[in-house]
Structures are given as structure tokens and as C-alpha cells.
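Hi,

Here is the model I promised to send over. Have a look at it first, and my notes follow underneath.

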Amino acid sequence: MDFTLSEEHKMLQTMVRDFANDKLAPVADELDRKQEFAWDNFKMMAEMELLGLGIPPEYGGSGGDELSIAIAVEEIARACASTADIVDAHLCLCAAPIYRFGTEEQKQKFLPALVKGEKVGAHAITESEAGSDVSRVQMTAVKDGDSYILNGTKIFITNGDVCNVVLVFATIPELGERGMTAFLVEAGTPGYSKGKKYDKLGMRAATNADQVFEDCRVSAANRLGEEGRGMRLFLETIDHGRIGIGAQALGITKAALERAVDYAKQRQQFGAPIASYQAIGWRLADIFTELEAARLLLYQAAWLADNGQPFRTQAAMAKVYATELAMRATTLGIQVFGGYGYMMDSPMQRYFRDAKLTEIYEGTSEVQRMIISGALFR
Ligand SMILES: Cc1cc2nc3c(=O)[nH]c(=O)nc-3n(C[C@H](O)[C@H](O)[C@H](O)COP(=O)(O)OP(=O)(O)OC[C@H]3O[C@@H](n4cnc5c(N)ncnc54)[C@H](O)[C@@H]3O)c2cc1C
């Protein structure tokens with residue numbers, strides 16, 4: 001068994017780390033305060049072809065595999081988790097399913113512009129009564145000739161205020177419980193509008209808004225996958241997405257650990273650096289150990305995905321472990337910084353606020369445990 005990264009993966013890691021250190025980290029706090037979509041970061045990532053990871057060159061992408069996405073997202077999140085959040089919604093939850101499930105015409109139509117950052121993608125399934133239980137989606141798609149009439153509202157949608165393409169899930173009433181179907185809706189389509197914007201605790205430079213569909217006519221050419229295949233399409237997409245969220249959590253954990261170690265080495269109390277006290281040093285050692293464990297779990301899930309093997313359980317394990325670690329790491333990080341850790345000009349508070357979201361979206365920790373226990377007791 002070889003645990004080393006390939007030369008290509010190492011080069012990608014170095015390139016993204018340098019970019020994230022130089023361009024993303026210096027502006028992360030300011031973007032967090034402004035709570036506006038991080039346009040400059042988005043454009044820079046497009047220029048560096050990071051928005052095309054996992055998409056083949058014939059559709060404008062830069063190729064690479066699931067592991068490449070995990071490596072890049074961790075490095076981006078270490079500097080600015082909001083920016084990693086934007087990538088996840090745009091690439092993993094919108095462009096990637098178009099590549100995986102789209103017709104040749106859909107791939108040619110949508111992917112080049114998404115990959116080049118000329119358009120922003122989003123993914124919308126959540127509704128007020130359909131959160132963890134996505135089978136409760138009420139939005140309807142009523143067939144009318146060679147098009148569908150969409151009605152319903154999606155809430156909390158990442159990139160939702162700026163997106164030009166949204167992958168949206170609605171149910172075709174005549175198909176009953178098996179009616180969930182996916183559609184690609186473009187900005188400017190009559191009957192489609194952006195709704196309420198949100199003021200968030202963390203990940204504030206990845207902005208969220210409701211998506212409103214009122215008698216919105218969408219051509220059958222914009223249906224992604226077959227009628228009634230939406231649930232399967234959603235579940236497969238989210239399995240990949242969870243690797244991305246786990247990678248976000250790794251990046252946040254790494255950033256918090258690095259800051260805490262630096263601070264613990266220089267902060268002196270009782271005549272010695274606080275790092276020399278086991279209450280501090282050993283707890284940081286535990287986070288360091290868990291970070292390695294979480295990364296191994298995540299890379300295993302990515303490896304399974306890249307090798308065409310089932311990976312749903314491993315992706316759920318990686319997500320729940322890495323995201324809960326991010327909360328432990330950032331909580332400890334604040335403790336290590338003492339009173340300064342609680343202040344809004346300390347570096348830890350942003351990591352702490354950003355980490356919390358990773359435990360919630362793309363399936364809460366409870367939902368991940370439902371998947372894992374389902375596999376355990378199958
Ligand atoms: C910032 C942000 C960005 C988001 N971005 C998107 C997006 O881009 N696209 C999109 O479609 N959605 C998005 N979401 C929605 C997100 O995926 C949901 O919020 C999440 O899946 C949880 O659903 P809910 O909020 O309705 O909580 P609920 O499902 O109401 O859950 C409430 C609590 O009950 C628990 N719970 C629920 N069922 C069970 C059970 N059977 N057993 C044990 N516990 C249970 C949950 O784990 C949670 O702790 C986003 C959410 C946020 C906050």
C-alpha cells in the first residue's frame with residue numbers, strides 16, 4: 001500500500017497552497033466582514049483552472065480526479081473556507097453532475113462557461129419542509145408539451161444570489177413518490193427569480209439566497225437525467241459533495257492547529273510557553289493525530305470514488321469525522337488563545353464560525369450517522 005501522493009497531486013497541492021497563501025488568506029477576514037460573494041477569488045480560481053477540476057479538457061476542464069478536488073479544496077479552505085464553499089456548490093454540486101449525468105448537448109452548453117467562471121453554478125434541493133428528508137420536496141414540475149412548468153421555492157441556496165445556472169429538484173406529480181426529477185434552470189428564464197438573502201454566522205463570503213419558481217417554463221432539453229431519476233442523481237451527487245465538505249473541514253482544522261501551535265509557542269504564562277504545559281501541548285497533539293486520521297479517511301473515500309467502487313459509507317464517515325474534528329479543533333483553538341481567542345480580531349473566531357456549517361450542510365452529522373449505521377446493520 002502506497003500512501004504517497006503522485007507527482008501530479010503534489011504539484012497541484014503546492015500550486016494551490018501557494019495561491020491560497022498569497023491571494024486568499026490576506027483577504028479572508030475582510031471578505032468575511034463584508035459578507036459579499038467573493039468575485040475576485042472566483043475569477044482567480046477560474047484563471048488557475050481550479051473550477052474545472054474533475055471535468056475533462058473537451059468541456060474546458062482541467063481533468064484530475066476526486067482526490068485532486070479534495071486536495072485543492074483543503075488548501076483553499078485552509079486560507080478561506082468561504083471560497084472553498086463557493087467551489088463546492090459551483091463545481092461539485094452543479095458542474096460535476098452536469099458532466100456525470102448530462103447529455104452531450106448539455107455538457108457542451110453548460111460546462112465551458114462554468115469552468116471558465118463566466119457563469120456561476122448552484123444546486124437547489126432544500127425547501128422549508130424538505131431539509132434532511134429530501135423526499136419531502138414539494139416543488140412541482142408539470143409536463144406541458146415538450147417543457148415543464150416549475151412551481152416552488154428553494155431555501156438557503158449557496159451562490160443563490162449570483163448564480164446563472166441552478167440545478168433544481170422538483171417532483172412530477174403524475175409519477176407519485178418516484179417523481180423527483182432534476183432540471184437546469186438559467187438566470188433570466190421567465191418565472192425564475194432570486195428570493196431572500198441570508199445573514200450568516202460563518203462562511204460569509206459564500207452567499208446564500210432562496211430560489212423562487214412561479215410558473216417557470218423549462219424546456220425538456222434542460223432536464224438533467226431521466227424523469228423520476230432525480231433522487232438517485234441527488235444522492236450520487238451528494239456522495240461526491242461530502243468529500244468536498246470533509247476537505248473543507250480538514251483545511252479549517254489545519255489552519256486552526258497551525259495558528260494555535262504558533263501562539264502556544266510564543267505565549268508565556270507562569271514563566272514558560274504555554275505549549276510546554278501538557279494541558280495545551282497534548283490536546284493539540286490529539287488534534288494533530290486526528291487530522292491525519294481524518295485525511296486518511298477522506299483520501300480513502302476519494303480513492304474508492306476514483307476507482308469506481310462504492311464509497312457512500314466512507315464519504316459519510318469522512319464527512320462526519322472531519323467536520324466534528326473541525327469543531328473540536330477550533331473550540332480548542334479559541335481556548336489556547338485565551339481571552340484574545342474570544343475577540344473578533346483574533347484569527348480563531350472565523351475558523352470556529354466557518355467550521356460549524358460543515359456539520360450541517362450536505363447532510364447533518366445525524367444524517368451521516370444514519371447512513372453509517374444503515375451500512376453497519378444492513
Ligand atoms: C449556509 C447553508 C448553506 C446551504 N446551502 C445549500 C445549497 O446550496 N443547496 C441546498 O439544497 N441546500 C443547502 N442548505 C441546506 C442544508 O443542506 C440543510 O439545512 C440541511 O440538510 C439540514 O436541513 P434542515 O436545515 O431542514 O434541518 P432539519 O432537517 O430540520 O434538521 C433539524 C435537526 O434535526 C436533525 N434530524 C433530522 N432528522 C433526523 C433523524 N431522522 N434522526 C436524527 N436527527 C434528525 C438534524 O440532524 C438537525 O440536527 C444550506 C444550509 C445552510 C445553513
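Before the strands, one term: I call two strands paired if DSSP finds at least two bridges between them. In that sense S147 of β3 stands opposite S219 in β7. Bear in mind throughout that this is a predicted model.

β3 has partners in β2 and β7. With β7 (residues 208-219) β3 runs antiparallel, and nine bridges join the two. With β2 (residues 140-144) the pairing is antiparallel as well, over five bridges, and T140 has N151 of β3 as its bridge partner. β2 and β3 make a hairpin with two residues between them, and G145 in that turn has a positive phi of about 65 degrees.

β3 also turns up at the ligand, where it gives the most to the surrounding shell, with three residues. β1 (121-124) and α10 (365-376) each supply at least two. There are 20 residues around the ligand, and T126, G131, S132, T364 and E366 come nearest. By class, the shell has nine nonpolar, eight polar and three charged residues. Why does the ligand lie between domain 2 and domain 3? Because domain 2 (122-228) and domain 3 (231-376) both give residues to the shell.

Then the helices: the axes of α3 (residues 66-79) and α6 (residues 230-266) come within 7 Å and cross at roughly 35 degrees. The crossing is right-handed. Residues in the contact include I69, A70 and V73 of α3, and I243, G244 and A247 of α6. The residues of this contact divide into 10 nonpolar, four polar and five charged.

Cheers

Conventions. Residues numbered from 1 in each chain as written. Predicted model: local features only at pLDDT ≥ 70, side-chain atom pairs only at ≥ 80, totals over all residues. Axes fitted to C-alpha atoms, helices over the stretch in contact; angles between N-to-C directions. Helix = DSSP H or I, 4+ residues; strand = E, 2+ residues; numbered from the N terminus. Left-handed = near helix turned anticlockwise from the far one by under 90°. Contact = placed C-beta atoms within 7 Å. Nonpolar A, V, L, I, M, F, W, Y, C, P; charged D, E, K, R; others polar. Near = placed C-beta within 6 Å. Domains from an automatic or database assignment.
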